[in-house]
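Reader: I would like a close look at one part of this protein, namely the charged side-chain pairs, with their surroundings described as carefully as the model permits. Please also add whatever can be said about the cysteines.

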Amino acid sequence: MTTLEHFPYAEEKLQRLEKLVLCRDSQLSTLLSVFGERPHLSFPSIFIYGHTGTGKTYVLRTLMSTLELPHAFVNCVECFTARLLFEQILNQLHSHNPGPENEYSSYERCDTFNEFVRLYKKAVSSKGLENETFYIVIDKADVLRELDANLLPGFLRLQELTSSNVTVIFLTEIVWETFRPNTGCLEPLTIYLADYSKAELQKILSSDYPEQHSAEFYASYINILLGVFYTVCRDIKELRHLAALNFPRFCEPVVKGEAKESDSHKLWRNIEPHLKRAMQTVYLREISSSQWEKIQEEDREASQLKGLSAHAHVELPYYSKFLLIAGYLASYNPARTDKRFFLKHHGKIKKTDFLKKHEKTSNHLLGPKPFPLDRLLAILYSIVDSRVAPTANIFSQISSLVTLQLLTLVGHDDQLDGPKYKCTVSLDFIRAVARTVSFDIVRYLYDFL
């Protein structure tokens with residue numbers, strides 16, 4: 001494999017780059033060989049793809065800043081129109097920062113790709129960049145597919161259209177085959193960033209060890225953390241956050257003098273319950289770390305008082321808990337009672353006004369009844385209310401609840417009237433789950449009116 005020392009950059013910068021970007025030697029070598037020396041004509045376009053948390057943005061930002069390469073870095077999520085995208089690139093090219101002194105205006109207005117090509121050539125000439133490569137890095141590039149049809153082919157041929165030494169780098173999570181436009185275009189150089197292996201994650205996370213503890217001690221903690229979370233989470237940012245959040249708990253016996261750094265069994269017993277509670281925050285953290293810690297303290301106090309910890313019953317993501325609660329309410333409440341429980345300003349409704357004769361029997365004795373998907377979602381949005389805006393992938397979580405056999409799919413999901421479900425958990429179980437989200441489920445059950 002080609003080493004980084006073979007490339008014409010300052011030795012100290014390359015050494016710094018190696019320390020900053022771990023476990024990406026092959027990709028760095030490829031990029032540096034493609035970049036070459038600054039006056040050399042670089043590749044017109046580079047397509048870098050890989051799953052989230054594989055270091056695409058970090059690698060490019062670190063590479064550009066460490067080697068001090070002239071570049072513009074834009075995010076398509078922020079630049080959601082062609083004009084914003086063009087003007088952001090031109091602003092960075094001119095070192096222009098919109099602010100109060102210029103009334104937050106761009107350096108130049110640019111509405112079309114033709115105007116962008118003309119203004120870009122003018123900027124390159126005025127900045128004296130004719131003899132070195134300028135890099136345009138477009139992050140979240142899959143958004144380009146939703147913008148003007150000429151944007152992607154235009155950026156792929158920007159070097160040809162501007163007759164200048166420019167390289168456009170696309171960063172995305174999707175493969176080029178699904179990205180390629182139907183009209184045909186100049187093929188970019190594709191580079192794949194694979195997911196970090198467990199050993200690579202161990203190396204990267206272990207490099208963050210605090211100064212007051214040894215590197216070996218922190219590495220043993222990371223090994224325990226990955227043993228718990230690696231099967232459900234590969235996102236380096238999420239794992240780094242979890243490591244920082246739970247490390248004070250891990251080293252607590254050492255700080256108090258109750259254990260030594262080598263007492264792995266005692267340290268594991270101390271951290272195990274905290275890691276289990278942290279499992280529910282993976283990918284679905286709607287609160288800050290300090291708020292989460294406060295909730296855990298309250299839960300521990302409540303469990304000591306009540307003798308029952310709801311976290312010991314089930315470990316579910318935040319929205320899945322509300323989905324399960326909504327499913328239980330839909331299974332055990334008659335559909336005609338939804339207006340009473342979930343509609344604000346429903347007026348006075350007597351119990352005998354909306355119930356049929358057979359519904360006077362306790363629904364918990366009759367067992368759960370099937371309910372349609374739309375009713376489940378309607379109850380979900382009603383009980384979540386203002387706590388949090390439902391932004392998670394609700395349907396995938398419903399499938400997960402079915403896989404866990406907490407919900408049961410009744411009939412087939414290809415029926416014309418849509419799939420129907422039943423909730424299979426007990427009352428004690430759902431009350432324990434409801435306590436973890438501070439929801440009084442008994443108030444919403446008809447049998448307990």
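Author: What follows takes the salt bridges one by one and then turns to the cysteines and to one arginine. The model is a predicted one, and a search of the whole structure finds ten salt bridges, of which three are described here, beginning with the pair formed by Lys 122 and Glu 108, whose side chains meet at 3.9 Å, N to O. This pair links distant parts of the chain, since Lys 122 belongs to helix α5, which covers residues 113-127, while Glu 108 sits in the loop between α4 (82-93) and α5, and the two are 14 residues apart. Lys 122 itself counts as exposed, with a relative accessibility of 51%, which lies just on the far side of the cut-off, because exposed means over 50%.

A second salt bridge joins the side chains of Lys 140 and Glu 173, at 4.0 Å from N to O. Lys 140 is placed in the loop between β3 (134-139) and α6 (151-156), and Glu 173 in the loop between β4 (166-172) and α8 (176-179), so this contact ties together parts of the chain that are 33 residues apart in sequence. Both ends are partly exposed, Lys 140 at 33% relative accessibility and Glu 173 with a relative accessible area of 40%.

In the third pair, Asp 235 and Lys 237 meet through their side chains at 3.8 Å, N to O. Here the two partners fall into separate classes of exposure: Asp 235 is buried, with a relative accessible area of 10%, whereas Lys 237 counts as exposed at 54%.

As for the cysteines, the structure holds zero disulfides. For Cys 79 the reason can be followed in the distances, because the closest cysteine sulfur, that of Cys 76, is 6.8 Å from the sulfur of Cys 79 and therefore too far for a bond, given that a disulfide requires two cysteine sulfur atoms within 2.5 Å. Cys 79 is buried, with a relative accessible area of 4%, and Cys 110 is likewise buried, its relative accessible area being 0%.

Finally, Arg 340 is found in helix α16, which spans residues 338-342, and it is partly exposed, with a relative accessible area of 26%. Although Arg 340 and Tyr 446 are separated by 106 residues in sequence, their C-alpha atoms are 9.7 Å apart in space.

Conventions
Residues are numbered from 1 along each chain as its sequence is written. This is a predicted model: local features need pLDDT of at least 70, side-chain atom pairs count only at pLDDT 80 or more; totals for chains, interfaces and linings use all residues. Side-chain values use heavy atoms; hydrogens and water are left out. Helices (H or I, at least four residues) and strands (E, at least two) are DSSP runs, numbered from the N terminus. Buried means under 20% relative accessible area, exposed over 50%, partly exposed in between (1.4 Å probe, protein chains only).
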